[in-house]
Amino acid sequence: MSEVTSFVPGFLTTKEYRRFEEFCGACRRERYIGICYGPPGVGKTLSARHYAKWDLFEGRNPFAFCEPVPAEIADCCCLLYTPSVTNTPRSVRSGLDDGMMLLQALVDRAHGPIFSDAPCGFSARCELVIVDEADRLSTSSIEELRDFYDRSKIGLVLVGMPGLEKRLARYAQFYSRVGFAHAFRPLSQDEARFVLEQHWQGWGGTIRGDEFADQEAVAAIITITAGNFRLIDRLMGQVRRIKEINQLSTVTREVVDAARDCLVIGSS
Ligand SMILES: Nc1ncnc2c1ncn2[C@@H]1O[C@H](COP(=O)(O)OP(=O)(O)OP(=O)(O)O)[C@@H](O)[C@H]1O
Ligand SMILES: [Mg+2]
């Protein structure tokens, strides 16, 4: 994983993740192109990685036959692809081919020493491709993706910033193949509170319902971060630091304000 800033152990299954999961499932079943857009830091990449179980694949050598393959890989059928900043149709195609090969080889190995007899080669097990950072795609790379989609008939989800859907609307042929658009939203207040509870638990404490200082601190964090996962993580990192340096037993509004002053927090 690229960012390791969270004190929350592991992935949290939020309502927004469930919506994303449902959206990807629909694109996979219908073999549609879907566009998912949302502001920075709301959890798009992490959700895509979780959906594709990409942590199990990344960095593995599909031909290192002596390394064991986790059994959970056996039912994977989704490829996560992130184009490079300076992408070309050729780099996109080879990135997709490499990813397909990795997926196919590891899924085959997870099933045991049986070779796939699927008639259409590598794409046989891949039912969905998620392209993260899709804003990076050049015009010709989008054409390449359209060609890939037409030939493979695999579902395709493009993930990017708000405005991606408007940009893609300019490519009439590509856009005519788009079945769904999905807005990835920040956390609601209740969910932000749930995430904060996980942070508190990570420190070995709980948010006390009958303690005004705790409630005031939580309300301040929710207001400052506006339900943005990345901001919550960064702010809580500073809160933890200030709490430890000053050997404080509780987190108060003043601690949150001091933590906020340490960060460059803009609107997300
Ligand atoms: N479901 C989750 N559970 C736990 N932590 C999460 C979750 N979603 C996001 N985060 C935290 O928020 C951070 C930012 O998430 P992520 O990188 O997925 O955002 P993004 O929407 O892809 O942002 P960008 O548009 O900048 O790429 C993660 O590094 C992680 O710490
Ligand atoms: Mg991202």
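Begin by colouring the protein by its domain assignment, which gives domain 1 (15-183) and domain 2 (189-262). The C-alpha centres of domain 1 and domain 2 lie 35 Å apart. The contact between them draws 4 residues from domain 1 and 5 residues from domain 2. The model on display is predicted.

**The whole chain**

Display the full cartoon next. The protein contains 10 helices and 5 strands. Along the principal axes, its C-alpha atoms fill a box of roughly 65 × 50 × 30 Å. Of its 268 residues, 35% count as buried. Among the contacts with a separation of 6 or more, 79% join residues 24 or more positions apart.

**The nonpolar core**

Select Leu79, Val129, Ile130, Leu156, Val157 and Ile221 and show their side chains. These are the residues with the most contacts inside the largest nonpolar core, which has 63 residues. Which helix gives the most to this core? Helix α3 (residues 89-110) does, with 7 residues. Domain 1 (15-183) and domain 2 (189-262) both supply residues to the core, so the core lies between them.

Keep Ile130 selected and add its partners. With neighbours within four places in sequence left aside, Ile130 is in contact with Cys24, Ala48, Ala52, Cys78, Leu80, Val157 and Val159. Two of these partners, Ala48 and Ala52, are buried residues of helix α2, and that helix is the next stop.

**Helix α2**

Select residues 44-52, the span of helix α2. Is this helix largely enclosed or largely open? Since 7 of its 9 residues are buried, α2 is largely enclosed by the rest of the structure. The buried residues are Lys44, Thr45, Ser47, Ala48, Arg49, Tyr51 and Ala52. To see what surrounds them, add α1 (15-30), β1 (33-37), β2 (78-81), β3 (128-131) and β4 (155-160), against which the buried residues of α2 pack. Then move to Lys53, just after α2, where phi is positive at about 55 degrees.

**The α3 and α4 pair**

Return to α3 and add helix α4 (residues 139-152). Two packed helices are described by the angle between their axes and the distance between the axes. For α3 and α4 the angle is about 40 degrees and the axes are 8 Å apart. The two helices are therefore oblique to each other, and α3 passes α4 in a right-handed crossing.

Show the side chains where the helices meet. On the α3 side, select Pro89, Val92, Arg93 and Leu96. These meet Ser140, Ser141, Glu143, Glu144, Leu145 and Phe148 in α4.

Stay on α4 and select Arg151, which is found in this helix. Arg151 counts as exposed because it has 9 C-beta neighbours inside 10 Å, and a residue with 12 or fewer is classed as exposed. Now add Asn246 and draw a distance between the two C-alpha atoms. Arg151 and Asn246 are 95 residues apart in sequence and 61 Å apart in space.

**Backbone stops in the loops**

Most residues other than glycine have a negative phi. The next two selections depart from that pattern.

Select Glu133, in the loop between β3 and α4. Glu133 has a positive phi of about 50 degrees although it is not a glycine. Glu133 is partly exposed, with 19 other C-beta atoms within 10 Å.

Where is Ala226 found? Centre the view on the loop between α8 (212-225) and α9 (229-245), which holds Ala226. The phi of Ala226 is also positive, near 50 degrees. Ala226 is partly exposed, with 16 other C-beta atoms within 10 Å.

**Last stop: Thr206**

Finish in the loop between α7 (189-202) and α8, where Thr206 lies. Is Thr206 buried or exposed? Thr206 is exposed, with 11 other C-beta atoms within 10 Å. Select Trp200 and Gln201 as well, since Thr206 is in contact with both when neighbours within four places in sequence are left aside. Finally, draw a distance from the C-alpha atom of Thr206 to that of Leu196. These two residues are 10 residues apart along the chain, and their C-alpha atoms are separated by 9.4 Å.

Key:
Residues numbered from 1 in each chain as written. Chains lettered and ligands numbered in written order. Predicted model: local features only at pLDDT ≥ 70, side-chain atom pairs only at ≥ 80, totals over all residues. Core = buried A, V, L, I, M, F, W, Y, C linked by C-beta atoms within 7 Å. Buried ≥ 20, exposed ≤ 12 C-beta atoms within 10 Å, placed from the backbone. Helix = DSSP H or I, 4+ residues; strand = E, 2+ residues; numbered from the N terminus. Domains from an automatic or database assignment. Contact = placed C-beta atoms within 7 Å. Axes fitted to C-alpha atoms, helices over the stretch in contact; angles between N-to-C directions. Parallel < 35°, antiparallel > 145°, perpendicular 65-115°, else oblique. Left-handed = near helix turned anticlockwise from the far one by under 90°.
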